[in-house]
Amino acid sequence: CSTSLALLKKYTLKDLKNDQWYDQKIELITMKSRKIITQQKADKIVNRLSKSIGVDEGLESVQFQLNCLLAQLNLYQIQLQEVEIKITKMLESNEEASCLLKIKGLGPLLVGSLLGQIGNFHDFEHYKQIIKFARLNPVENSTGAQKSRITASKRGRSSLRNILHQI
């Protein structure tokens with residue numbers, strides 16, 4: 001995705017269609033993909049780009065729409081960074097958040113979401129109470145003739161369950 005975005009940001013659709021800057025396009029693809037895409041694959045991609053973008057007449061309007069979408073994406077990325085900064089500042093004053101942020105893999109968004117769902121950890125005496133609160137506790141799921149199956153309960157806070165699954 002980042003490789004495609006880099007191509008779309010650097011070259012217009014007309015530039016992608018023609019063979020000008022062929023080597024630079026291949027280099028950009030291999031560099032942005034962190035060499036996951038080899039030179040041969042990048043060569044095939046650039047070769048197919050020149051054949052895949054169809055009619056020239058509508059290219060200008062499509063380019064305009066693409067530029068608008070790229071500008072929107074850029075705005076969303078900036079807004080997301082601002083939200084993350086605000087969440088991080090809010091979490092700095094929270095004792096539980098600072099402990100959770102020290103755990104590798106837990107970022108400010110996940111910690112903020114978790115604390116927003118659970119509230120104060122001191123309200124729970126044991127971790128099993130949090131599991132029951134999220135309704136991740138095992139329950140017997142059986143009917144008359146069928147043998148009992150043990151599954152996770154689907155009641156409770158689904159958003160909290162999703163957060164705990166991410167952890």
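Over the ring of which residue does the charged end of Lys-25 sit? In this predicted model, the charged end of Lys-25 is placed over the ring of Tyr-11, 5.8 Å from the ring centre. The views below begin with the whole chain and return to this site in close-up.

**Figure 1. Overview of the chain, which has nine helices and two strands.** Read from the N terminus, the order of the elements is α-α-α-α-α-α-α-α-β-β-α. The chain holds 167 residues, of which 25% are buried. Among contacts with a separation of 6 or more, 39% are between residues 24 or more positions apart. The exposed surface of the chain amounts to about 12,500 Å², and carbon and sulfur atoms contribute 54% of that area.

**Figure 2. The largest nonpolar core, a set of 15 residues.** The members that touch the most others are Leu-7, Tyr-11, Leu-13, Leu-16, Leu-28 and Ile-29. Two or more residues of this core come from each of helix H1 (2-10), helix H2 (13-17), helix H3 (22-32), helix H4 (39-52) and helix H5 (59-92). Another core lies apart from it and has 14 residues, including Leu-114, Ala-134, Leu-160 and Ile-163. As general background, nonpolar side chains in soluble globular proteins tend to be buried together.

**Figure 3. Lys-25 and its surroundings in helix H3.** Lys-25 has a relative accessible area of 0% and is therefore buried. Beyond the residues up to four places away in sequence, Lys-25 touches Tyr-11, Asp-15, Leu-16, Asn-18, Gln-20 and Val-46. Tyr-11, one of these contacts, is also the residue whose ring lies beneath the charged end of Lys-25. The buried residues of H3 are Lys-25 together with Ile-26, Leu-28, Ile-29 and Thr-30. Two of these, Leu-28 and Ile-29, are also listed among the core members that touch the most others.

**Figure 4. The one aromatic pair found in a search of the whole structure.** The pair consists of Tyr-11 and Trp-21, with ring centres 6.1 Å apart. Their planes meet at 35°, so the arrangement is classed as tilted. Tyr-11 belongs to the loop between H1 and H2, and Trp-21 to the loop between H2 and H3, so the pair ties together parts that are ten residues apart in sequence. Tyr-11 counts as buried because its relative accessibility is 6%. Trp-21, in contrast, counts as partly exposed because its relative accessibility is 34%.

**Figure 5. Arg-34 and Lys-35 in the loop between H3 and H4.** Arg-34 comes just after H3 and takes a positive phi of about 55°, although Arg-34 is not a glycine. Lys-35 likewise is not a glycine, and its phi is positive at about 60°. In general, most residues other than glycine have a negative phi. Is Arg-34 buried or exposed? Arg-34 has a relative accessibility of 72% and so counts as exposed. Lys-35 also counts as exposed, because its relative accessibility is 72%.

**Figure 6. Phe-124 in the loop between helix H7 (108-118) and helix H8 (127-134).** The relative accessible area of Phe-124 is 17%, so this residue is buried. Which residues are in contact with Phe-124 when its neighbours within four places in sequence are left aside? These contacts are Ile-118, Gln-129, Ile-130 and Phe-133.

**Figure 7. Gly-116 in helix H7, viewed together with Leu-160.** Gly-116 and Leu-160 are 44 residues apart along the chain, and their C-alpha atoms are separated by 9.2 Å. Gly-116 counts as exposed because its relative accessibility is 60%. Leu-160 is one of the residues of the 14-residue core that lies apart from the largest one.

**Figure 8. Cys-68 and Cys-99 in a chain with zero disulfides.** Cys-68 has a relative accessible area of 37% and is therefore partly exposed. Cys-99 is partly exposed as well, because its relative accessible area is 45%. The count of disulfides in the model comes to zero.

Note on methods
Residues are numbered from 1 along each chain as its sequence is written. This is a predicted model: local features need pLDDT of at least 70, side-chain atom pairs count only at pLDDT 80 or more; totals for chains, interfaces and linings use all residues. Side-chain values use heavy atoms; hydrogens and water are left out. A nonpolar core is a set of buried Ala, Val, Leu, Ile, Met, Phe, Trp, Tyr and Cys residues joined through side-chain atoms within 4.5 Å. Buried means under 20% relative accessible area, exposed over 50%, partly exposed in between (1.4 Å probe, protein chains only). Helices (H or I, at least four residues) and strands (E, at least two) are DSSP runs, numbered from the N terminus. Contact means heavy atoms within 4.5 Å. Rings of Phe, Tyr and Trp (its six-membered ring) pair if their centres lie within 6.5 Å; planes under 30 degrees apart count as stacked, over 60 as edge-to-face and the rest as tilted. A charge sits over a ring if NZ of Lys or CZ of Arg is within 6 Å of the ring centre and within 35 degrees of the ring normal. Accessible areas come from the Shrake-Rupley method with a 1.4 Å probe; for residues, only the protein chains shown count as cover. A disulfide is a pair of cysteine sulfur atoms within 2.5 Å.
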